[in-house]
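Visitor: I've got a model open and would like a quick tour. Can we start with the sheet and then go to the packing around it?

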Amino acid sequence: MVNQSAIPHINQTAVDICPVTPGSDQSGLVKVKILLRFIFLFVWRKGRVSRRGICLVGLCESGKTLIFSQLIYKKAVESFTSMKENVGVLDIANKGALKLIDIPGHERVRQRFFDSYKNTARGIVFVLDSFSLNKDIRDVAEYLYTILSDPVVSSNRPQVLILCNKQDHPIAKGPQVIQSVLEKEMNVLRNTQTNQLEAVAEGGNRKSFYLGQEGKNFEFADIRSLRVEFAASSAETEDLENLKKWLQSVA
């Protein structure tokens, strides 16, 4: 069943292409409106079906490629910092296939590869290292901010999972702590970027996408165009159950 609330509203002026005149057939106009709505719904649903990609993104050494190999090949494959993507097909029971794309984490190439696949993304999995987050927090927040504020991502509304990997380390932070730390860092980052944009915008008018709710500190729950969830994993110990459940719900 289609979620009616998720279907964009049809501009009424685009529907009323046959103005009613005295004595005209009212039923004809109704049929035109129904037909146009059916066509719109068909195109909208076709677009949703065609987006079957799942993008694995994150910094280098976060564990993306190990997760990719565990899901696609059912085993660990020796990995190294790559300058190109890995692509595989993941069959989801009773849901069909998803195209899994492991986006390189190197800052020189990651945006280019993400731009190549973001239009077909049904879901985005942002993988982070729960053990080294304190050291990498700034880089993690900046990369995540870039993805969540991307105009294509905001428009297509893929599901987003922030996967807190390497939970097998004794002092690794849990998802709730990581969410809190990330929200604080992204709040600082958002204020900095907003001030910079206002300084260069003509007349001080902000023209870019604002992430979250204005007038309050940043929270993931306030990103109205996206649903962002957190989950724990450990690719080293093959503990990817939370990720697999999420993939099943997204497919």
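Visitor: Let's begin with β1 and β3: in which sense do they pair, parallel or antiparallel?
Guide: Keep in mind that this is a predicted model. For a reference point, G53 sits opposite K99 in β3. Four bridges link β1 with strand β3 (residues 96-102), and the sense is parallel.

Visitor: And how many bridges join β2 to β3?
Guide: These two form a hairpin with three residues between the strands, where N94 has a positive phi near 65°. One pair to click on is G88 and its bridge partner in β3, L100. Strand β2 (residues 86-92) and β3 run antiparallel, and the number of bridges is seven.

Visitor: What is the strand order in the open sheet?
Guide: Start from the pairs: β3 bonds with β2 through seven bridges and with β1 through four. On from there, β1 and β4 run parallel, joined by six bridges, with V57 opposite F126 in β4. With six strands and mixed pairing, the full order reads β2-β3-β1-β4-β5-β6.

Visitor: Which strands stand at the edges, and why is one side of each left without a neighbour?
Guide: Look at the two ends of the order β2-β3-β1-β4-β5-β6. An edge strand here has a single partner strand, so one of its sides has no neighbour in the sheet; the two are β2 and β6.

Visitor: By how many degrees are neighbouring strands turned against each other on average?
Guide: This concerns the sheet of six strands. Ignoring direction, the average turn between neighbours is 25°.

Visitor: What angle does α8 make with β5?
Guide: Helix α8 (residues 241-250) packs on the sheet and touches β1, β2, β3, β4, β5 and β6. Its direction relative to that of β5 comes out at about 175°.

Visitor: Now the largest nonpolar core: which element supplies the largest share of it?
Guide: This core holds 37 residues, and V57, F126, L148, I162, L182, M186 and F220 touch the most other members. Elements giving at least two residues each include β1 (53-58), β4 (121-129), α5 (133-148) and α7 (175-200). The largest share is nine residues, and it comes from α5.

Visitor: Which residues does I162 touch, leaving out those up to four places away in sequence?
Guide: I162 is one of the core members that touch the most others. With the sequence neighbours set aside, its contacts are F126, L128, L144, L182, F220, V228, E229, F230 and A231.

Note on methods:
Residues numbered from 1 in each chain as written. Predicted model: local features only at pLDDT ≥ 70, side-chain atom pairs only at ≥ 80, totals over all residues. Heavy atoms only, no water. Core = buried A, V, L, I, M, F, W, Y, C linked by side-chain atoms within 4.5 Å. Buried < 20%, exposed > 50% of the residue type's maximum accessible area, 1.4 Å probe, protein only. Contact = heavy atoms within 4.5 Å. Pairing = 2+ DSSP bridges. Axes fitted to C-alpha atoms, helices over the stretch in contact; angles between N-to-C directions.
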